[in-house]
Structure formats: structure tokens, C-alpha cells
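Morning, everyone. Please have the viewer open in front of you. I'll go through one chain, piece by piece.

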Amino acid sequence: DFMSQPVRGEFTLVVKPHPRIALRGRLDSLIADCVVLQHQLPAVQRYPLVAGYLADLRSFMGNVLRAEVTGEPLADIAMGEMDAQTLHRISHDPLKHLQHDHIVPAAEHGLDVALLNQLRARVREVELLATEVYLDVSLQLSRPDLVAGLNRLSSAIYVLMLLILVASQGHAAWLEGA
């Protein structure tokens with residue numbers, strides 16, 4: 001394909017202006033942002049499960065990148081004991097599952113929620129870029145697994161935001177493993 005050009009036999013040079021390379025760069029940046037949060041998010045010190053949840057999300061980001069590069073199908077996301085379906089249910093009806101309604105992040109929700117929302121917004125940007133890269137002329141996605149996976153990643157981060165918010169309001173059972 002036109003993305004790859006042979007260079008001195010065994011190496012392949014990938015043409016840098018290709019949209020897939022831009023997507024890979026954004027995925028690299030997303031992973032970097034998550035790693036920084038693993039070190040800086042205040043909730044990591046208060047709730048040991050948060051560290052594990054962030055590690056799961058960082059790992060999934062790496063899986064997205066690997067699937068993009070290799071063309072292999074993307075496996076479903078999980079965050080701790082929560083599989084993709086559980087994360088979807090919680091993110092779409094938090095009042096039922098967490099006894100807290102949907103939020104539009106605000107300063108009063110605290111630094112943890114603000115930092116996670118920043119990461120979630122970056123995931124949305126990567127999701128939109130992936131949609132542009134993989135949408136063909138007939139408006140069909142050639143990699144719906146990647147786009148859906150990024151959407152689920154955004155939902156998982158939203159669930160983590162809600163869990164931390166609920167915990168900060170005195171209901172920490174989800175984050176204390178109870």
C-alpha cells in the first residue's frame with residue numbers, strides 16, 4: 001500500500017502525512033496523558049482501586065494502538081471487575097447503579113474529576129479522528145471495533161469520574177472494594 005515504502009531491504013518506511021500516522025500519534029499522546037495521571041491523580045493515593053482502574057485503561061489504550069498498527073481485532077475493554085457491558089450500563093444510567101445522576105463536570109466536582117474529564121475529552125478527540133480515518137466513501141467504518149472501543153474508553157473514564165465523585169461525597173464503597 002502507499003503508506004509503506006521499502007527502505008534498504010528489511011525495514012519499512014511509513015509515509016508520515018498519512019492520517020493513520022496522525023491517529024497513532026494521538027494515541028501515543030493519550031497514553032502519555034494517562035501515564036501522567038497515574039502519577040498525579042490525587043484519588044490514586046486515597047483509593048487503591050483507582051490505580052488499578054487507571055492501569056486497566058492505560059493498558060486498553062495500548063491495545064487500541066496495537067490493533068490499529070497490526071490490523072488485529074480490538075478486544076473489549078474492562079476496568080477492574082467491570083466488563084464492557086457493565087461500564088456501558090453504569091455510564092448510561094448512573095442514577096440506577098451509583099445513586100448519582102449524570103454530571104457535566106464543574107469546579108465543585110474537584111480536581112480528580114476535572115483531570116479525568118480532560119483525559120476523557122482527549123479520548124473523544126481521538127475517537128473523532130479514528131472515525132475520520134476509517135470512514136470510507138460509502139460512510140461505512142472499516143474499523144468499527146476501534147471507534148467503538150474508543151467510545152467505550154470514554155464511557156469507562158466517565159464511570160471512574162462518577163465513582164470518584166460519589167466517593168468524595170461519602171459513598172466510597174465502590175472504590176474501597178466493599
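Let's start with a term. A salt bridge is a side-chain nitrogen of Lys or Arg within 4 Å of a carboxyl oxygen of Asp or Glu. Side chains of opposite charge can pair when their charged atoms come close.

Two notes on the source. This is a predicted model: local features need pLDDT of at least 70, side-chain atom pairs count only at pLDDT 80 or more, and totals for chains, interfaces and linings use all residues. Residues are numbered from 1 along each chain as its sequence is written, and side-chain values use heavy atoms, with hydrogens and water left out.

Now the overall layout. The protein chain has 7 helices and 4 strands. These are DSSP runs numbered from the N terminus: helices are H or I with at least four residues, strands are E with at least two. Along the sequence, the order reads β-β-α-α-α-β-β-α-α-α-α.

How much of the chain is buried? Of its 178 residues, 43% count as buried. Buried means under 20% relative accessible area; exposed means over 50%; partly exposed is in between, with a 1.4 Å probe and protein chains only. The chain exposes about 9700 Å², and carbon and sulfur atoms supply 55% of that. Those areas come from the Shrake-Rupley method with a 1.4 Å probe; for residues, only the protein chains shown count as cover.

One more total. Take contacts between residues at least 6 apart in sequence: 65% of them join residues at least 24 apart. Contact here means heavy atoms within 4.5 Å.

Next, helix α3. It covers residues 48–70, which is 23 residues. From first C-alpha to last it reaches 33 Å, close to the 33 Å expected at 1.5 Å a residue. That expected span is 1.5 Å times one less than the number of residues. The buried residues of α3 include Tyr53, Leu57, Phe60, Val64 and Glu68. Why might buried positions recur along a helix? An α-helix has 3.6 residues a turn, so residues three or four places apart point the same way. What do the buried residues of α3 pack against? They meet α1, α2, β3, β4, α6 and α7. Right after the helix comes Gly71, with a positive phi near 80°.

Stay on Glu68. This residue is buried, at 1% relative accessibility. Glu68 forms a salt bridge with Arg20, the closest N and O atoms being 2.5 Å apart. Glu68 sits in helix α3 and Arg20 in helix α1, so the pair ties together parts 48 residues apart in sequence.

The structure holds 7 salt bridges. Another joins Glu125 and Arg26, at 3.5 Å, N to O. That pair also links distant parts: Glu125 is in helix α6, Arg26 in helix α1, 99 residues apart. Glu125 is partly exposed at 41%, and Arg26 is partly exposed at 35%. A third salt bridge pairs Asp145 with Arg143 at 2.8 Å. Asp145 is partly exposed, at 23%, whereas Arg143 is buried, at 11%. Shared partners also join Arg20, Arg24 and Glu68 into one network.

Now Asp112, in helix α6. Buried or exposed? Asp112 is buried, at 7% relative accessible area. Leaving out residues up to four places away in sequence, Asp112 touches Leu41, Pro42, Ala43, Arg46 and Ile164. Asp112 and Ile164 are 52 residues apart in sequence, yet 7.3 Å apart in space, C-alpha to C-alpha. A polar atom of the Asp112 side chain also lies 2.8 Å from the backbone nitrogen of Ala43.

Last stop, the loop between α6 and α7. Leu135 is found there, and Leu139 too. Together with Leu141 they make a nonpolar surface patch of about 260 Å². Patches use residues with over 30% relative accessible area and no salt bridge: like charges are joined within 9 Å, nonpolar side chains (Val, Leu, Ile, Met, Phe, Trp, Tyr) within 5 Å. Leu135 is partly exposed, at 37%. Leu139 is exposed, at 62%. Leu139 also has a positive phi of about 60°, although it is not a glycine. Gln99 has a positive phi near 60° as well. Look for Gln99 in the loop between α5 and α6, exposed at 61%.

Conventions:
A polar contact is a pair of N or O atoms within 3.5 Å; within protein, one must be able to donate a hydrogen and the other to accept it, and residues adjacent in sequence count only if both atoms are side-chain atoms.
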